[in-house]
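Student: Please give me a close look at one part of this model, its salt bridges. I would like to know where the partners sit and what lies around them.

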Amino acid sequence: MWNVPSENMCIDESVIPFVGRLSFRQFIKNKRHRYGIKVFKLCINDGYTIGFKIYAAQESVPGVGVSTKIVMELAEDYLDKGRTMYTDNWYTSVTLANQLLNRSTNLVGTLRSNRKFNPVSVVKAKLKKGEIMSSQSQNNIVVLKWKDKRDVLMLSTKHKNNTVVVNNKRGKQVVKPQMVIDYNKAKGYVDICDLRSSYHSPLRRSLKWYRKVMFEILLNTCLLNAMSLYTAVTSKKISVTQFRESIIHSLIKKIEVQPSEEKHILINAQRGKCYICYKEMAEQGGRQHAQKITRRVQTKCTKCLKYFCLECFFKTHSCKLL
């Protein structure tokens with residue numbers, strides 16, 4: 001079931017911490033690590049990453065917005081399938097919604113009030129808490145404004161302006177637009193990935209930015225994807241730390257190999273004294289006598305790692321001569 005992404009997809013930016021000198025290093029004040037390399041992630045349910053793009057400050061194309069270009073590039077392989085893309089207000093626009101509709105893909109996301117082609121009547125509407133104002137285009141693009149604690153401006157090509165009654169954190173029943181509820185559920189996919197990658201992060205200090213990116217992809221993104229697959233297949237809950245430890249133990253586990261029976265084989269080697277002859281001479285006349293009498297040979301046993309003459313070798317071994 002994981003070969004094909006699910007219906008809902010989410011795109012958002014993440015930061016790989018890096019404080020060294022780099023021309024495309026970014027500063028994002030609302031991130032935990034404010035300085036670093038900005039990457040765009042395309043995630044599906046349970047924080048599974050299916051797309052990854054490094055922002056190198058060279059994305060601008062005449063006539064095309066940077067945010068629109070990034071969304072279309074990351075989602076290129078998953079369009080034309082009736083899926084839904086969830087984005088925040090940096091990506092969402094009427095232009096992006098039209099392009100995704102042309103590729104049979106819906107768009108749901110928060111919207112900035114100064115975007116082009118926004119309906120003026122909705123953007124400038126003054127509402128009381130709980131009130132809703134919406135507008136729908138001919139392409140079924142709905143722009144909705146809802147007053148909660150503050151004004152919430154959203155765009156959707158999948159929803160209407162219908163509302164549902166839900167319980168808030170205090171247990172009280174409140175009325176919310178359906179698109180806001182669906183957005184809150186799907187928008188956290190990238191946040192789940194970032195949260196899990198922060199647990200016992202393998203990233204270390206380095207002056208090379210590409211090392212940081214390599215460790216992030218191999219030891220964070222790939223490992224968290226493997227964890228998502230593991231929990232989906234086994235239906236077992238496991239913490240990120242436990243999963244990392246299990247991977248490490250499986251990699252360093254020693255494989256027990258039964259030693260094969262090694263044969264005694266006589267090979268040519270440097271000159272040395274026969275082990276058997278030397279031992280016999282040493283017993284008869286001592287060490288000095290053995291060194292003078294024992295002649296040198298050029299044959300050595302591969303298993304015993306000792307020198308033998310042919311006569312002594314065949315007396316003590318039953319194997320073939322190589």
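Tutor: K147 has a relative accessible area of 21%, so the residue counts as partly exposed (buried is under 20% relative accessible area, exposed over 50%, and partly exposed in between, with a 1.4 Å probe and protein chains only). K147 forms a salt bridge with D151, with 3.6 Å between the closest N and O atoms (a salt bridge is a side-chain nitrogen of Lys or Arg within 4 Å of a carboxyl oxygen of Asp or Glu). D151 is also partly exposed, at 41%.

The model is predicted, so local features need pLDDT of at least 70 and side-chain atom pairs pLDDT 80 or more, while totals for chains, interfaces and linings use all residues. Residues are numbered from 1 along each chain as its sequence is written, and side-chain values use heavy atoms, with hydrogens and water left out.

K149 is placed in the loop between β8 (142-147) and β9 (151-156) (helices, H or I of at least four residues, and strands, E of at least two, are DSSP runs numbered from the N terminus). With a relative accessibility of 72%, K149 is classed as exposed.

Across the whole structure, the search finds 12 salt bridges. One of them joins D46 to R196, where the closest N and O atoms are 2.9 Å apart. D46 belongs to the loop between β3 and β4, and R196 to helix α5 (residues 189-197), so this pair ties together parts that are 150 residues apart in sequence. D46 itself is partly exposed, at 25% relative accessible area.

A separate pair is D80 and R103, again with 2.9 Å between the closest N and O atoms. D80 lies in the loop between α1 (66-74) and β5 (84-87), and R103 in the loop between α2 (94-102) and β6 (106-110), so the parts that they tie together are 23 residues apart in sequence. D80 is partly exposed at 41% relative accessibility, and R103 is partly exposed at 23%.

The loop that holds D46 deserves a further look. β3 and β4 form a hairpin with three residues between them, and D46 in the turn has a positive phi of about 65 degrees. Strand β3 (residues 35-44) pairs with β4 in the antiparallel sense, over six bridges (two strands pair if DSSP finds at least two bridges between them). Within this pairing, K41 is opposite F52 in β4. Strand β4 (residues 48-54) has five of its seven residues buried, so the strand is largely enclosed by the rest of the structure.

Another hairpin is made by β10 and β11, with five residues between the strands; G171 in its turn has a positive phi of about 90 degrees. Strands β10 (residues 163-167) and β11 (residues 173-177) run antiparallel and are joined by five bridges. V164 is opposite K176 in β11.

To return to the pair from the start, K147 and D151 have their closest N and O atoms 3.6 Å apart. Elsewhere, K41, D194 and E216 are joined into one network by salt bridges that share partners. K41 is thus a member of that network and also the residue opposite F52.
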